[in-house]
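Please consider the structure shown below. The paragraphs that follow lead from the overall layout of the chain to the pairing of individual strands.

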Amino acid sequence: MLKKLPQSQLPILCPNEECDDAPDRLRLSDLSESAVKPLKTALGQLVIVLLSNGRPRAFDARCPHMGSNLVTAACVGGDIVCHWHGYRFSGESGALVANPNEAIMKTLRVPSVAFDPTIKPSYQLRERALEVEDGWVRVK
Ligand code: FES
């Protein structure tokens with residue numbers, strides 16, 4: 001019998017060597033608003049984004065949609081865009097802010113006894129607390 005694991009216990013997929021090479025701390029000056037940076041921690045792999053106000057934010061590297069590793073995600077306007085299905089998450093809050101599937105599925109989402117099309121999935125990146133000290137970014 002298969003046991004469903006909570007999201008926090010699912011393995012993070014590592015599509016490339018960046019996972020193994022991820023540092024355990026980053027220089028704040030090495031962060032940019034146009035790219036996510038991987039960070040290896042005791043909590044697992046994280047991605048770090050730099051907001052336009054200069055504050056870094058840390059999120060689990062696992063996409064809450066279907067588990068892609070966000071190390072290879074795009075960073076657009078401070079938001080994190082998963083490369084698998086294009087879900088866009090706020091770099092400020094981790095909340096889902098755009099789902100390209102909505103337009104594609106619009107004509108297929110018809111009400112039935114078993115399906116309410118007004119209920120939309122809500123996905124949220126898990127944020128982790130950071131500290132910045134002497135120009136270094138670390139997870140608390
Ligand atoms: S796995 Fe990230 S958008 Fe689907």
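From the N terminus on, the elements of this predicted model follow one another as α-β-β-β-β-β-β-β-β-α-β-β-β. Counted together, they amount to two helices and eleven strands.

Some figures describe the chain as a whole. The chain has 140 residues, and 24% of them count as buried. When contacts between residues at least 6 apart in sequence are considered, 48% of these contacts join residues at least 24 apart.

The strands may now be taken in groups. One open sheet is formed by four strands, arranged in the order E5-E6-E7-E8 with antiparallel pairing. Strand E5 (74-76) and strand E8 (96-98) each have a single partner strand and stand at the edges, so one side of each is left without a neighbour in the sheet. The pairing of E5 with strand E6 (residues 79-81) is antiparallel and extends over three bridges. Within this part of the sheet, Asp79 in E6 is the residue that stands opposite Val76.

Another pairing occurs earlier in the sequence, where strand E2 covers residues 37-41 and strand E3 covers residues 44-50. How are these two strands, E2 and E3, joined? The connection is a hairpin, which leads from E2 to E3 through two residues. The two strands pair in the antiparallel sense, with five bridges between them. One of the residues involved is Pro38, whose bridge partner in E3 is Val47.

Key: Residues numbered from 1 in each chain as written. Predicted model: local features only at pLDDT ≥ 70, side-chain atom pairs only at ≥ 80, totals over all residues. Buried ≥ 20, exposed ≤ 12 C-beta atoms within 10 Å, placed from the backbone. Contact = placed C-beta atoms within 7 Å. Pairing = 2+ DSSP bridges.
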